[in-house]
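Trainee: Please take a close look at one helix in this model, and at what lies around it. Then carry on outward to the sheets and the aromatic side chains.

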Amino acid sequence: MESTTSVAEQLRQQMPVARQLAYFDHAAVAPLTAPAAAAIAAYAQQASEQGDIPWPVWSGKIQELRSLAARLIGASADEIALVGNTTHGIGLVAEGFPWRSGDNVVVPENEFPSNLLPWQMLQRHGVELRKVSVHPSGVIDLGRLNAAIDGRTRIVSLSWVGFASGYRIELDPVVELVHAKGALLMLDAIQGLGAFPIDVADSQVDFLSADGHKWMLGPEGAGILYIRDQHLDLLQPLGVGWNSLATDFFSPHSSGFKTTAARYEGGSWNMPGLLGLGASLKLLLELQQVDPSGSPIAASILNNSSQLSELLRQSSYRVELPQEENHRSGIVRISWGEPPVPESVLVSARKQCLADGVVLSVRGGRLRVSTHAYNNEQDFHRLLNALNRARAT
């Protein structure tokens, strides 16, 4: 495995955004890698000049993406469905599950709407949504989670990394708890996948969904859904179409579905988006030589979070991130004075930062900085200078 510094520098060379911006908004929408941009541009040129003649080549790259995604999470390619976004993947599980009236779903109360609304909609089937209270820091108390689960809990759905807090859960004890109570675990992985290693076979996560436009550095509208092989026949296929079929795609009398997770894909792929995602995943995997126990990209992200936090604290900013490194992510929350800082002040500060070429977000009453592995000290100081100017106005 290459050194953390070497990998971070190599990744930076493949991030055109770094030439002009200090980009700290990967938890919102990440900039594309150079290979992703090239793949999308190549598709556009080929499609405009040749129509569908290159389709077999594109299709082959889509299957390569399926294998890359499987490698990224420690799954088999047969367990990967290509979806439009995280919400799409969660919805396929929520709507396809064999619910019975009186069942319930358990979720933390601070989840992003994409991991709340699909479960809330199940109330029409007599399914109860149970929300577990969460500490403002984002820490999920396993005792509270355990108390919310009973014999009618079918699924527990939560985020690997909190979108506002940046708190990264330790998967093994959560999965162990959920399975011990007879339920299944759905993981919203969009704020961690691409940044941190995960092995779904080892951790025994049941379902996982993530769009590629954050830490995987791909385009919006192209993501993955993982369905553990033993659950492939558990979910009712939804939105079925020609791409759900095992054979005879063009026959009006075909009915035999694929025996893999691809049965849930239904119709035509978002070809340019998935080609772009495949190019970014290939780059990330080549750089870090994925190891379930760690990766230089993850190490660099955690190092960046720590360095940036220390730099901001030295300048009298209030910095919030989990105390224990194994619960940290690339997300750092920033404020000053006595919180809460008025929303209007945060929005104004963000605009000032944008004017200075520094990109970040406002989430949960704080400025949210989300650093990837390729960010460096030059970016950190550029952020600090922009914040100082914003705070002075």
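**Helix α10 and its surroundings**

Mentor: Start at the end of the helix: α10 is followed by S316, whose phi is positive, near 70°. Keep in mind that this is a predicted model. The helix itself covers residues 296–314. It holds 19 residues. From first C-alpha to last, α10 reaches 27 Å, close to the 27 Å expected at 1.5 Å a residue.

Now the burial pattern. At the start of α10, P296, I297 and A298 are buried. Further along come S300, I301, L302, N304 and S305, also buried. L308, S309, L311 and L312 complete the buried set of α10. Some spacing in such a pattern can be read from geometry. An α-helix has 3.6 residues a turn, so residues three or four places apart point the same way.

Step back to the residue before the helix. S295 sits in the loop between α9 and α10. Is S295 buried or exposed? S295 counts as buried because its relative accessibility is 9%, and the cut-off for buried is under 20%. Its side chain also has a partner. A polar atom there lies 3.0 Å from the backbone nitrogen of A298.

On the other side of that loop is α9, residues 271–288. This helix has 18 residues and spans 26 Å between its end C-alphas, close to the 26 Å expected at 1.5 Å a residue. Of those 18 residues, 15 are buried, so α9 is largely enclosed by the rest of the structure. The N-terminal end of α9 is capped by N270. A side-chain oxygen of N270 lies 3.2 Å from the backbone nitrogen of G273.

Go past α10 in the other direction. An open sheet of 4 strands has the order β9-β10-β13-β12, with antiparallel pairing. The edges are β9 (318–320) and β12 (361–363). Each has a single partner strand, so one side of each is left without a neighbour in the sheet. Neighbouring strands here are turned by 40° against each other on average, direction ignored. Look inside the sheet at β10 (331–335) and β13 (366–370), which are joined by 4 bridges and run antiparallel. R333 has R368 of β13 as its bridge partner.

There is another open sheet, with 7 strands. Its order is β2-β8-β7-β6-β5-β3-β4, and the pairing is mixed. The edge strands are β2 (80–83) and β4 (128–132). Both have a single partner strand, so one side of each lacks a neighbour in the sheet. The average turn between neighbouring strands of this sheet is 20°, direction ignored.

Focus on β5. This strand is mostly covered, with 7 of its 7 residues buried. Strand β3 pairs with β5 in the parallel sense over 3 bridges. V106 has V156 of β5 as its bridge partner. V105 stands opposite I155 of β5. Strand β6 (184–188) runs parallel to β5 and is joined to it by 5 bridges. There, L158 stands opposite L187 of β6.

Last, the rings. With ring centres required to lie within 6.5 Å, the count comes to 7 aromatic pairs. One of them joins F112 and F163: edge-to-face, 5.0 Å centre to centre, with 75° between the planes. The pair links distant parts of the chain, 51 residues apart. F112 lies in the loop between β3 (104–108) and α5 (117–120). F163 lies in the loop between β5 (153–159) and α7 (171–180). Both rings belong to partly exposed residues: F112 has a relative accessible area of 40%, and F163 has 22%. Elsewhere, F97, W99 and W119 form one aromatic cluster.

Two arginines sit over rings as well. The charged end of R168 sits over the ring of F196, 4.0 Å from its centre. The charged end of R391 sits over the ring of Y317, 4.1 Å from its centre.

Technical notes. Residues numbered from 1 in each chain as written. Predicted model: local features only at pLDDT ≥ 70, side-chain atom pairs only at ≥ 80, totals over all residues. Heavy atoms only, no water. Phe/Tyr/Trp six-rings, centres within 6.5 Å; stacked < 30°, edge-to-face > 60°. Helix = DSSP H or I, 4+ residues; strand = E, 2+ residues; numbered from the N terminus. Buried < 20%, exposed > 50% of the residue type's maximum accessible area, 1.4 Å probe, protein only. Lys NZ or Arg CZ within 6 Å of the ring centre and 35° of its normal. Expected span 1.5 Å × (residues − 1). Polar contact = N/O pair within 3.5 Å; in protein donor to acceptor, adjacent residues only side chain to side chain. Pairing = 2+ DSSP bridges. Axes fitted to C-alpha atoms, helices over the stretch in contact; angles between N-to-C directions.
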